[in-house]
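Me: I would like to learn how to read a pocket, and the elements around it, from a set of coordinates. Could we work through one case together?

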Amino acid sequence: MNRRHFTALLMTALMEACQLHRQAPSDPRFIVALIDQSETMKDFQDQQMDDLMKIMSSLNGGDTLQVYPVTENPLSTQEPISMKLDPYNPNRFNPVTYRGYTERDLTNQAQAALAQVKATIFDQELTADTAIIDSLELAARAFRSAAGRDAHHRQLVLLSDGWEDQRGRIRFPREKLTAKRIAHLLDQLKAEKRLADLTGVEVWIAGARIHRNSPREFEDGVEAFWLAAFERMGAKACAERFAPSLREFPANPKLVQLLADNGQQLTTVSSTEGQK
């Protein structure tokens, strides 16, 4: 597929996305995506990238997306990978010109952000520890930023298996996550002031139960822990949004596929140039 043909198809998909998912300009979303960069997710990076493209394809005018890695020390992350689409401004646009502008802007920003995610997250060394609890505090701070406070809808997507595993702290693979143990761990986190404030935030976990050989009892415990934890944090979480891949999210499948196809083309071109 040549670039001109790709661009034409992408514009068509984006117009359909606008018709299907367009929000009112005064109804912006602030989305934080956390990408688990630990060793337990090394075989699932393609799935994480697919889910990230679903998130990007859902963006509308006025929306903001910030992407952070989940590492052994997430609070040391310097700057997020960001996308922000301009809200509708009648002094600059009419509805038709605004739609065209937003379509082009989304395309350009998504391609640049995906390249940055690959270079700064997926191409980096995997971490041994998985500090999800600390990454949620990082997300909470993003939601308290000016852009986060101004958003009408705040959403958190955790691209992870949910296996908290931080040396010297909570280590799920060494735990038996019974209801009693979960309550004790959450009481401990509260006493340490390590439960993030995610009041009103909608939560998705894409990567839950992704390990086919992981015992059902263990995965049930992981899910129960996070459902209880998010409830204490004031977030809106439900079991239906805990899945191996991103579900119940307003993605546009045609746009996702076109972003994926273009990403494969760019990777092919890069590899060919590197061999010259």
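Me: Which residues lie nearest the centre of the second largest pocket, and how many residues line it?

Reply: Keeping in mind that this is a predicted model, one finds 15 residues lining the second largest pocket, and Pro-69, Thr-71, Thr-77, Gln-78 and Thr-120 lie nearest its centre. The space inside amounts to about 210 Å³, and by class the lining has 5 nonpolar, 8 polar and 2 charged residues.

Me: Which elements give two or more residues to that lining?

Reply: Strand S2 (64-70) and helix H3 do so, and H3 provides the largest share, with 3 residues.

Me: How should I read a helix such as H3, and what caps its N-terminal end?

Reply: The general idea is that an α-helix has 3.6 residues a turn, so residues three or four places apart point the same way. In this case H3 covers residues 95-122, and its 28 residues reach 38 Å from the first C-alpha to the last, which is close to the 40 Å expected at 1.5 Å a residue. The N-terminal cap is Asn-94, whose side chain places an oxygen 2.9 Å from the backbone nitrogen of Val-96.

Me: And which residues of strand S3 form its covered face, and which its uncovered one?

Reply: In a regular strand the side chains alternate between the two faces of the sheet. Strand S3, residues 81-84, has Ile-81 and Met-83 on the covered face, whereas Ser-82 and Lys-84 form the uncovered one. S3 runs antiparallel to S2, to which 4 bridges join it, and Ser-82 is the bridge partner of Gln-66.

Technical notes. Residues numbered from 1 in each chain as written. Predicted model: local features only at pLDDT ≥ 70, side-chain atom pairs only at ≥ 80, totals over all residues. Heavy atoms only, no water. Expected span 1.5 Å × (residues − 1). Polar contact = N/O pair within 3.5 Å; in protein donor to acceptor, adjacent residues only side chain to side chain. 1 Å grid on protein atoms, 1.4 Å probe; cavity = no way out; pocket = protein on both sides within 12 Å on 5 of 7 lines; lining within 4 Å. Points joined across faces, edges and corners; volume = space filled by probe spheres on them. Nonpolar A, V, L, I, M, F, W, Y, C, P; charged D, E, K, R; others polar. Buried < 20%, exposed > 50% of the residue type's maximum accessible area, 1.4 Å probe, protein only. Pairing = 2+ DSSP bridges.
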